[in-house]
Amino acid sequence: MNITKKILFVTSEVHPLIKTGGLADISGSLPKALAELGEDVRIIMPNYQAIKTTEDIRYLSTIHVNNCAVNILETKLPGNGVIVWLVDFPAFFNFPGNPYVDEHGKPWANSAERFALFCRVAVEVAMNRSYLDWKPDIVHCNDWQSGLVPALLSLEYSRPATVFTIHNMAYQGIFPRTTYQSLNLPGQLWNPGGVEFHDMLSFLKGGLIFADRITTVSPTYAKEIQTAEFGYGLEGVLSHRKHFLSGITNGIDCDHWNPETDSNIVQTYSHTTLAKKLANKTALQERLSLPVDKNIPLFGLISRLVEQKGIDLILECLPEMLSHPLQFVLLGSGNKGYEQRLHNFAEAHPDKISITIGYDETLAHLIEAGSDIFLMPSRFEPCGLNQIYSQRYGTLPIVRKTGGLADTVIDTLPETLSNNTATGFVFNEANAGTLMEAIKRSLILYGHPKTWKQLQINGMKRDYSWNKSAHQYLTLYNHL
Ligand code: ADP
């Protein structure tokens, strides 16, 4: 018999309240999927100034942690009613900016203090010491910002079970030893078998060492992070804990990313009405001042502009791409050097390239719907979401064979073509030559509309919902 579990989901960002990347998408959609399966889920996150919501926010209680008086507020996820508890401490969180950087893009100088306080409050809530009259069975933590939660809970008697999900090993929350001392954290945790990492404090390690179970967001990434190339010095810890580590591929919010109902695009469509997709291509070309041309292959890319995403490979490929009849639209922000070089290309080739620097949810949906091909040449990718959104929107992804990209895109090969499983183009090595080969392969197939359409349909018909993955999380919870 399946008994309802109480799950506290600890995260630093949740769509649609605040989002910088994929973690927010997962934190918005996985709790929703678990709630739909009948579980009692509460999300806990900091009360940032930038939070946007249409729902009411109400005061619940005040608790004292590490000499700070912190309020706990309650709101709901718009549209689905999942309860969100907001950790309200204005001296830390009531400033313009996002969870990790200030309004000028500078990392918060007091990140360690902010997230250590957040973790302490999550522990108080987890131990039912916050006057909320609710004690979770499972505390599900996500990424380094919640890494101290399993560590601190390990010191508690009669604690809930803990799960720690790695969304990206590249971000570890590493701070000097002096920060550890100033944070007033318990001395027992400071050792190489604890949160100490080469004489520094590692928030991430708190999760990896002390959580009862570790998960990451795809089976391939679960293997990769046990190697030096992807493990950032923690591969030893991860292989040591490999019997407690598993990969569960992310689902997506199929209501929010649905070409049949999406209100952000100009024309909805499905795999049976694919011809209607063209209206979105036209709208995209018009909006970005590119020549309107239904036959020209249109490449899209939406990303944080960081080394992880292989933006340098795109920059290397652009001169050769420009020798082909194609258009390329990019939406993203990040590394200033990349932004400048991309701008230079767009300025020199305004009839072929459009670069939008910034964050724009509506444009992101239109790019998914209006492009023919989506580029995602990541050097590593724990799961990745845009390649999944692309397949759902009939936009064929070109991805590197790594992490979740390898697990979610099926390369176009003779056998996958003939058995109708191919959904995109996969290349192996992280270099411009192999990426360009994949781009050329896609251009050749684009010239065969019947085959192209079959590839689109293959991708659009696959099940990307949380259903399967949410059940995998439930099975994991039930084992604890
Ligand atoms: P990551 O979490 O590493 O940034 P993912 O592919 O897992 O990468 O998720 C990225 C999410 O952020 C997607 O929902 C994507 O559409 C969105 N995104 C990234 N950059 C932008 C942007 N500039 N404008 C709008 N959405 C963006």
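Q: What separates the centres of domain 1 and domain 2, taken over C-alpha atoms?
A: In this predicted model, the centres of domain 1 and domain 2 are 32 Å apart, taken over C-alpha atoms. Domain 1 comprises 6–251 + 466–479 and domain 2 comprises 274–460, with bounds from an automatic or database domain assignment.

Q: What makes residues of domain 1 and domain 2 count as being in contact?
A: Contact means heavy atoms within 4.5 Å. On that rule, 21 residues of domain 1 are in contact with 18 residues of domain 2.

Q: What is the area buried between domain 1 and domain 2?
A: About 1,300 Å² is buried between domain 1 and domain 2, and carbon and sulfur atoms give 55% of that area. Buried area is the accessible area (1.4 Å probe) that two parts lose on being put together, summed over both.

Q: How many salt bridges and polar contacts does the rule find across the interface of domain 1 and domain 2?
A: A salt bridge needs a side-chain nitrogen of Lys or Arg within 4 Å of a carboxyl oxygen of Asp or Glu, and the rule finds 0 across this interface. A polar contact is a pair of N or O atoms within 3.5 Å; within protein, one must be able to donate a hydrogen and the other to accept it, and residues adjacent in sequence count only if both atoms are side-chain atoms. The rule finds 8 residue pairs in polar contact across the interface, both residues at pLDDT 80 or more.

Q: Which helices each supply at least two residues of the side of domain 1 that touches domain 2?
A: Helix 1 (22–36) and helix 7 (219–224) do; helices (H or I, at least four residues) and strands (E, at least two) are DSSP runs, numbered from the N terminus. Helix 7 gives the most, with 4 residues.

Q: Why is Lys19 said to be in polar contact with the ligand?
A: An N or O atom in the side chain of Lys19 is 2.9 Å from an oxygen atom of the ligand, so the pair meets the polar contact limit. A backbone N or O atom of Gly22 lies 2.7 Å from a ligand oxygen, and a side-chain N or O atom of Asn386 is 3.1 Å from one.

Q: Where is Pro16, and what is the peptide bond from His15 to Pro16?
A: Pro16 is in the loop between strand 1 (6–10) and helix 1. The bond is cis, with omega near 5°.

Residues are numbered from 1 along each chain as its sequence is written. In this predicted model, local features need pLDDT of at least 70, side-chain atom pairs count only at pLDDT 80 or more, and totals for chains, interfaces and linings use all residues, while side-chain values use heavy atoms, with hydrogens and water left out.
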